[in-house]
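Trainee: Hi, have you got a few minutes to look at a model with me? I'd like to go through it piece by piece.

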Amino acid sequence: MAVTLRRDRPAQIVAWAVLSTFFLGFFLPIIGAFTGPILGAWFIGTQRPRRGFLWMMAINLVTSLLFGWRRIPLAGPVPAIEYLGWLLLATALGTLPFSFHRLVSPRMPGFLATLPLPLAGAAVPWLALQLHIHAASAASVQTLLILWFAAVVVWLWNNESRATVHVFASGVAVVTGFNLLRHFNAAAIPQNIPVSPQLPLNLAGPTCLALFLVLAVWALFRSIRQASWAERPEAVARLRSPFTGDPLQVVSQNGQEALVSASGERFPVRNGIPALLKAEDLTGDNGKYNHLYDLIGGFYNDTQRAYSPLKGFDLRDYFLSYMRLLEVKPGDSVLETSVGTGLNFRYLPSGVHLSGLDLSPEMLAQCQANLRRWKMDADLYLCNAESLPFADSSFDVVFHVGGINFFNDRAKAIREMIRVAKPGSLLCIADETEKHVKEVYEKGLGGYYKNRKEAVAAPIDLIPPEMEDIRLEPLKFDMFYALTFRKPAIRSASERGANEDVAVDRSLVSA
Ligand SMILES: C[S@@+](CC[C@H](N)C(=O)[O-])C[C@H]1O[C@@H](n2cnc3c(N)ncnc32)[C@H](O)[C@@H]1O
């Protein structure tokens, strides 16, 4: 039964209201004072630590210069350069608490993950003042509360809590109301409510520093355990070298695992993910889009989550519009090629064995983090969907969503999906239509999608003729297509015609 995408107007209004608040924050300091830290804590959490620090420095510097250029002393080059030097230092000191939060918070359990930002927010300026760095000023109670509020909102958002919007809206209402009251009617605020008291420096600074250090040390020793590949015999049994087709085995040296073949190939396992790539896999369009996904990997989930309510449709309906096409039974082994951040896995029934592969290490790192958060498990591989590292007929269900339009060799990727699927299984390929690429991607990510060799089209002509039940259907306001087909079941000799052979094997792939 087809899933119709429901319009959700109330959610759409809320989404636009939240977006507008963040937008206003760039122009109204009264709002920017708390939308800024939320954006900062969110943004840095989507990035690798070093890249996040550098990007945040750059963004903060540019906004300071844009909105505060009048303050640059123009009396001569020396004062101007000196001013810019201090600005750089102040920006670095302002960015450091966010970077420390980025390093410590992901390793903290539950609500404790919200503490590193406010603690570092008090500790860093205190330390700077002890070192006579005058670009710093001591944190006020209000600053700490705002930093904590930012960390809480981002934590709720990352945990996909429905309370995110309520907490955000309540915080915005309280702080804006209080600030407005203070601005327009200072006498109405009772004298005994301190508006923004400085923390008692000699006490709060060292206490926050000590607490932050305790959390940091704890985080350091709370290593995130990756399941060893030696503990996954079923997955290893179906692994093959994507280049020679040889079976692979797990070896371990100095605690570092690798997959090796009898012919001497060696594939490292990095952060629990086997890397089964050759340099050629990253050439042409594959290389171009790999660059894109490594750049946006950290934002990918959030863009999906924010885009749907802004557009006014239910994200769950969208996922189900193609996931409902799969034929999945309890206990099945399921493979998604180009798994990205693993979003589709949540729409599969529990009790199935999940495998996913992708060309982008960043997307896979996000996938690992998502799976941990969702308490799910999957075998993940860094490899090219055009050369799958699995034995023939390994999986009960094989599907692909969202990447194939821009693969170097779509036909090869489809033949590979067929090769690793068990006979009789239904395969599904879904991706954007030309309409979507033109209306959304060309506008948003122009450089990557303009000047294409050809318009995108569902690869129905690339499905081998021996496949059965070939069906193509439009999804999501004609923005997506879904193509399904069945790999023929193996029939007994008497059922088969004399010259008929339906098996799809590796020779087809290299053809
Ligand atoms: C739009 S994302 C889709 C991710 C996921 N399937 C989803 O529906 O959310 C496309 C993914 O295809 C991956 N990709 C692109 N070319 C690939 C290739 N040749 N082999 C494997 N993955 C590839 C990208 O790295 C990216 O993660």
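Trainee: Let me start with a side chain. Which residue's side chain makes a polar contact with the side chain of glutamate 327?

Mentor: That would be arginine 486, with a polar contact of 2.8 Å between the two side chains. Do keep in mind that this is a predicted model.

Trainee: Good to know. Where in the fold is glutamate 327 found?

Mentor: It is in the loop between helix 12 (315-323) and strand 5 (333-337).

Trainee: And what else does glutamate 327 touch?

Mentor: Leaving aside neighbours within four places in sequence, glutamate 327 is in contact with Asp332, Val397, Leu426 and Arg486. Leucine 426 is 99 residues away from glutamate 327 in sequence, yet their C-alpha atoms are 6.7 Å apart.

Trainee: How does glutamate 327 count: buried, partly exposed or exposed?

Mentor: Partly exposed, because its relative accessibility is 41%, and that falls between the 20% and 50% cut-offs.

Trainee: Let's change topic to the ligand. Which residues are closest to the ligand?

Mentor: The ligand has 18 residues around it, and the closest are Glu336, Ser338, Asp358, Ala385 and Val401.

Trainee: What about polar contacts? How far is the side chain of aspartate 358 from an oxygen atom of the ligand?

Mentor: A polar atom of that aspartate 358 side chain lies 2.5 Å from a ligand oxygen. Asparagine 344 also takes part, with a side-chain N or O atom 3.0 Å from an oxygen of the ligand. On the backbone side, a polar atom of leucine 359 is 3.4 Å from a ligand nitrogen.

Trainee: How much of the ligand does the protein cover?

Mentor: The protein covers 97% of the 590 Å² of accessible area that the ligand has on its own.

Trainee: Which pocket does the ligand sit in?

Mentor: The second largest one.

Trainee: Now for histidine 400. Is histidine 400 buried or exposed?

Mentor: Histidine 400 is buried, because its relative accessible area is 1%, and under 20% counts as buried. This histidine is found in strand 8 (residues 397-401).

Trainee: Which backbone nitrogens lie 3.0 Å and 2.8 Å from its side chain?

Mentor: The 3.0 Å distance runs from the backbone nitrogen of glycine 403 to a polar atom of the histidine 400 side chain. For isoleucine 404, the backbone nitrogen is 2.8 Å from a polar atom of that side chain.

Trainee: And what does histidine 400 touch beyond its sequence neighbours?

Mentor: Not counting residues up to four places away, histidine 400 touches Thr337, Ser338, Phe407, Met417, Cys428, Ile429 and Ala430. Of these, Met417 is one of the buried residues of helix 14.

Trainee: Tell me about helix 14, then. Why is helix 14 largely enclosed by the rest of the structure?

Mentor: Because 9 of its 11 residues are buried; the helix spans residues 410-420. Among the buried ones are Ala411, Ile414 and Arg415.

Trainee: What caps the N-terminal end of helix 14?

Mentor: Aspartate 409 does, with a side-chain oxygen 3.4 Å from the backbone nitrogen of alanine 411.

Trainee: One backbone thing. What is the phi of lysine 375?

Mentor: It is near 55°, a positive value in a residue other than glycine. Most residues other than glycine have a negative phi. Lysine 375 is found in the loop between helix 13 (361-374) and strand 7 (378-382), and it counts as exposed because its relative accessibility is 75%.

Trainee: Where is glutamate 160, and what is the sign of its phi?

Mentor: Glutamate 160 has a positive phi of about 55°, although it is not a glycine. Its place is in the loop between helix 6 (141-158) and helix 7 (163-184). At 30% relative accessibility, glutamate 160 counts as partly exposed.

Trainee: Last one, zooming out. How many helices and strands does the chain have?

Mentor: There are 17 helices and 11 strands. Of the 511 residues of the chain, 46% count as buried. As for contacts with a separation of 6 or more, 67% of them are between residues 24 or more positions apart.

Key
Residues are numbered from 1 along each chain as its sequence is written. This is a predicted model: local features need pLDDT of at least 70, side-chain atom pairs count only at pLDDT 80 or more; totals for chains, interfaces and linings use all residues. Side-chain values use heavy atoms; hydrogens and water are left out. Helices (H or I, at least four residues) and strands (E, at least two) are DSSP runs, numbered from the N terminus. Buried means under 20% relative accessible area, exposed over 50%, partly exposed in between (1.4 Å probe, protein chains only). A polar contact is a pair of N or O atoms within 3.5 Å; within protein, one must be able to donate a hydrogen and the other to accept it, and residues adjacent in sequence count only if both atoms are side-chain atoms. Contact means heavy atoms within 4.5 Å. A residue is near a molecule or strand if one of its heavy atoms lies within 4 Å of it. Accessible areas come from the Shrake-Rupley method with a 1.4 Å probe; for residues, only the protein chains shown count as cover. On a 1 Å grid over the protein atoms alone, a cavity is a set of points where a 1.4 Å probe fits but cannot get out, and a pocket is an open set with protein on both sides within 12 Å along at least five of seven lines; lining residues have an atom within 4 Å of a point. A molecule sits in a cavity or pocket if more than half of its atoms lie within 2 Å of its grid points.
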